[in-house]
Amino acid sequence: MLTKIKFAPGIDKQDTAVGAEGRWVDSDNVRFRYGLPEKVGGWQSLLTDSIVGVARKQHAFVDKEGNRYVSIGTDKFLIVYFEGQFFDVTPLASSISGATFTFNGTTTITITTSAAHNLEDGDIVLLDSVTLPGGTGLNASDFEDKLFQVISTPTSTTFTITFTSSGSSASGGSVTLKPYERIGPAAQTYGYGFGISQYGGTVQGSQTTTLNGALLADTAGTGGSGTAITLTSVTGFPTGGGTIAVGTELITYTGVSSNDLTGITRGAKGTAVSGTTGQAHSNGATVTNATDFSGWGDAVNAATVTLEPGLWSLSNFGDVLVATIANGKTFTWDSSITARLSTRASTTTSGFETTNNPTATRVTLISPTTRHLIHLGTETTIGSATTQDDMFIRFSEDENINAYVPEATNTAGTQRLQDGTKIMGGLVAKENILVWTDNALYTMKFVGAPFTFGFEQVGTNCGLIGKNAAIEIDGVAYWMGNNGFFSFDGTVNTLPCSVEDFIYDDIDTTKGQQVNAGINNLFTEVVWWYPTAGSEFNNRYVVYNYGQDNAKLPMGNWYTGTNTNSIRTTWIDSLVYPKPYATAYNSSATGTFPSVIGQTGLGQSVLFEHETGTDQVNPDGSVTALTSFIQSFSFSLQKDQSEVFLAMRRFLPNFKVLLGNNQVTLSVKDFPADSDTQTSLSPFTITSSTTKVDTRARGRYANIKIENTGVGESWRFGTFQVDLQPDGRRG
């Protein structure tokens with residue numbers, strides 16, 4: 001007896017595998033179109049280059065000449081993609097002149113400045129006007145106009161870089177340093193409560209030096225005697241006492257005498273070795289000022305812990321890119337000038353200066369018709385970063401992005417929101433500017449003189465989880481909150497979600513600023529990529545299909561995925577370009593653009609064009625198979641819940657589209673709580689010529705899994721018909 005098993009579109013993870021009747025219960029790299037599941041489209045790298053660091057924001061725009069650009073903000077750089085090439089337009093901080101080199105016969109080079117350099121580990125520095133000391137065996141051209149990563153900052157006037165080869169010991173020469181503007185860390189750090197800090201409790205840019213003499217695994221100091229530890233230098237270490245880290249051991253001290261730390265206590269804060277009160281460390285081991293480190297039970301000094309990752313706000317004022325570093329300055333880049341691709345973003349761009357802009361702003365955007373530059377979560381006193389108010393809004397005069405002082409003759413102004421603790425994000429929507437706090441949604445609408453903009457709170461308990469977690473399409477905004485999904489079409493609506501528990505039981509809400517939302521209007525999809533608990537970066541995604549007929553699906557049409565190759569940190573829809581563009585981040589790979597000498601731990605972002613082909617085409621031209629699967633609910637093999645088992649003898653696969661092979665796996669179980677048991681003949685390889693498949697499956701419940709595993713494969717599933725026959729009585 002042939003029986004058709006029907007499945008509604010979307011994934012249901014709120015119910016059990018048996019209880020989710022008529023639904024699919026798991027998927028990866030699958031979407032639903034016209035109610036049918038299909039493998040998603042492939043993607044290919046747009047360049048052979050990859051970007052250094054983790055991309056956090058994309059913005060595409062077209063200039064008056066019809067040239068198309070994509071601006072990409074990372075935790076280290078501001079990049080422009082144009083006509084198949086990347087260009088580095090990252091703004092520079094203040095130059096430092098008169099620095100000197102110290103070569104020690106290794107690849108590590110120390111640079112000394114005459115005054116405090118204010119650099120931190122991981123910063124990017126451009127070297128200029130390089131003169132090397134004599135006898136190094138290296139050439140100045142090896143360093144001139146080259147980017148280096150700051151590896152360590154031993155003192156306030158020294159830092160180290162790493163070169164590709166060692167130079168003979170020598171000191172002197174000169175170099176001008178052009179630091180890149182600091183954007184922020186690659187990942188978000190939770191900074192509330194107790195025992196929270198960067199990995200290992202460290203603080204970015206901590207003072208380091210080395211041991212001058214070995215430490216034994218005992219209670220004593222250097223050389224195995226006394227109560228003092230001798231350092232190569234005590235510069236930057238608190239003279240009134242503090243804590244140092246040597247390896248994994250913490251050691252407290254009460255004072256400083258010459259290069260000695262006195263009054264030491266070994267194995268502090270639980271770092272003692274069993275049976276002793278200290279660990280053994282060799283002469284020359286690295287010593288780090290750990291006075292501000294945090295461990296379990298230690299409250300965090302918020303001034304020393306970076307909470308949010310490096311983020312950007314990107315928009316365009318006509319031909320001009322407006323780029324704001326989150327909680328930092330605003331820069332502009334003019335695409336209309338001849339030398340645009342060799343010119344950096346700056347606060348002094350001719351005709352589009354931002355020197356009068358606030359210097360600490362959470363989010364910026366351009367109002368669509370009046371062309372005000374709006375700063376959200378900004379300074380109450382312009383130019384004073386210490387006055388930044390996370391709920392304060394300031395907007396420029398219309399058509400003038402550098403005029404902010406409210407006057408009777410202009411349209412500049414300010415406003416402070418009330419519901420929430422900080423503004424999380426903003427979007428330009430169809431008729432409003434939408435502004436989210438961590439608890440509420442406000443609309444910001446142009447009303448003319450004397451107030452310029454009117455503000456209205458339209459929702460509460462619907463705050464935004466992260467700056468980039470909201471998206472708008474056709475006048476409707478969709479966003480992810482800390483405890484659910486929402487939409488706004490004039491009214492705030494909670495989106496019923498058939499995978500909500502699956503997501504919120506495992507999402508790391510303390511890394512909400514890393515969540516990224518994207519629209520794929522080709523398939524009426526909103527996608528959120530997010531990190532789960534224990535993951536430093538995004539590692540899962542969830543999709544809401546807003547274009548399907550959801551009237552018959554009270555929990556909505558949702559689907560999920562975990563495939564590593566499918567995780568994105570930024571996304572732009574097919575508007576300026578015919579296909580969506582997105583970036584994928586790999587923390588263990590090395591980016592190639594910009595070229596950074598001595599880079600370590602910065603990772604790699606690849607810019608992909610989506611919905612092309614069937615697989616992933618990498619920057620080097622190699623192809624990675626894009627695998628996908630979908631699994632059904634466990635349907636009953638009993639007729640009308642009678643005493644008679646029904647056995648599955650054959651099934652008729654019906655694919656609307658099948659390119660290459662597909663695998664169908666049948667699994668059975670006797671009780672709802674049992675684990676699935678794959679039938680002995682599964683998986684079955686299905687081709688376009690397969691008409692039926694003979695099988696043997698006996699049990700109370702069965703489910704099917706449809707998947708592809710190879711290169712060049714794609715599919716769209718239609719219906720599933722199975723031949724059921726009586727096969728014994730229930731036990």
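The following exchange goes through several descriptions of this predicted model and the values on which they rest.

User: What makes the radius of gyration of the protein chain agree with that of a compact globule?

Analyst: For 731 residues a compact globule would have a radius of gyration near 27 Å, and the protein chain has 30 Å, so the value agrees with that expectation. Taken along the principal axes, the C-alpha atoms fill a box of roughly 90 × 75 × 50 Å. The protein chain holds 1 helix and 60 strands, and 55% of its 731 residues count as buried.

User: Why is Trp436 called buried?

Analyst: Buried means under 20% relative accessible area, and Trp436 has a relative accessible area of 0%, so Trp436 falls within that class. The residue belongs to strand E35, which covers residues 433-437. Its C-alpha atom lies 5.9 Å from that of Ile423, although the two residues are 13 apart in sequence.

User: Why are strands E27 and E29 said to stand at the edges of their sheet?

Analyst: The sheet is an open one of 3 strands in the order E27-E28-E29, with antiparallel pairing. Strand E27 (312-317) and strand E29 (330-334) each have a single partner strand, so one side of each is left without a neighbour in the sheet. On average, and with direction ignored, neighbouring strands of this sheet are turned by 20 degrees against each other.

User: How do you know that E27 and E28 count as paired?

Analyst: Two strands pair if there are at least two bridges between them, and E27 and strand E28 (residues 320-325) are joined over 6 bridges in the antiparallel sense. The condition is therefore met. Within this part of the sheet, Phe317 stands opposite Val320 in E28.

User: What makes a space in this model a cavity, and how many of 30 Å³ or more are there?

Analyst: A cavity is a set of points where a 1.4 Å probe fits but cannot get out, and the count of those with 30 Å³ or more comes to 2. The largest cavity has about 220 Å³ of space. Of the 17 residues that line the largest cavity, the closest to its centre are Arg31, Val40, Val527, Trp529 and Tyr541. Strands E4 (30-33), E43 (525-530) and E44 (540-545) are the elements that give two or more residues to this lining, and E43 gives the most, with 3 residues. By class, the lining of the largest cavity has 9 nonpolar, 5 polar and 3 charged residues.

User: Which residues line the second largest cavity, and what is its volume?

Analyst: The second largest cavity has a volume of about 40 Å³, and the residues that line it include Glu308, Arg362, Met424 and Lys467. Its lining has 4 nonpolar, 2 polar and 3 charged residues.

User: What makes the second largest pocket a pocket, as opposed to a cavity?

Analyst: A pocket is an open set of points, whereas from a cavity the probe cannot get out. The second largest pocket holds about 1200 Å³ of space. Of its 38 lining residues, Lys57, His59, Leu427, Val428 and Ile471 are the closest to its centre. Among the elements that give two or more residues to this lining are E27, strand E34 (423-428) and strand E38 (470-473), while E8 gives the most, with 6 residues. The lining residues of this pocket divide into 20 nonpolar, 13 polar and 5 charged.

Conventions. Residues numbered from 1 in each chain as written. Predicted model: local features only at pLDDT ≥ 70, side-chain atom pairs only at ≥ 80, totals over all residues. Heavy atoms only, no water. Helix = DSSP H or I, 4+ residues; strand = E, 2+ residues; numbered from the N terminus. Axes fitted to C-alpha atoms, helices over the stretch in contact; angles between N-to-C directions. 1 Å grid on protein atoms, 1.4 Å probe; cavity = no way out; pocket = protein on both sides within 12 Å on 5 of 7 lines; lining within 4 Å. Points joined across faces, edges and corners; volume = space filled by probe spheres on them. Nonpolar A, V, L, I, M, F, W, Y, C, P; charged D, E, K, R; others polar. Rg over C-alpha atoms; globule rule 2.2 N^0.38 Å. Buried < 20%, exposed > 50% of the residue type's maximum accessible area, 1.4 Å probe, protein only.
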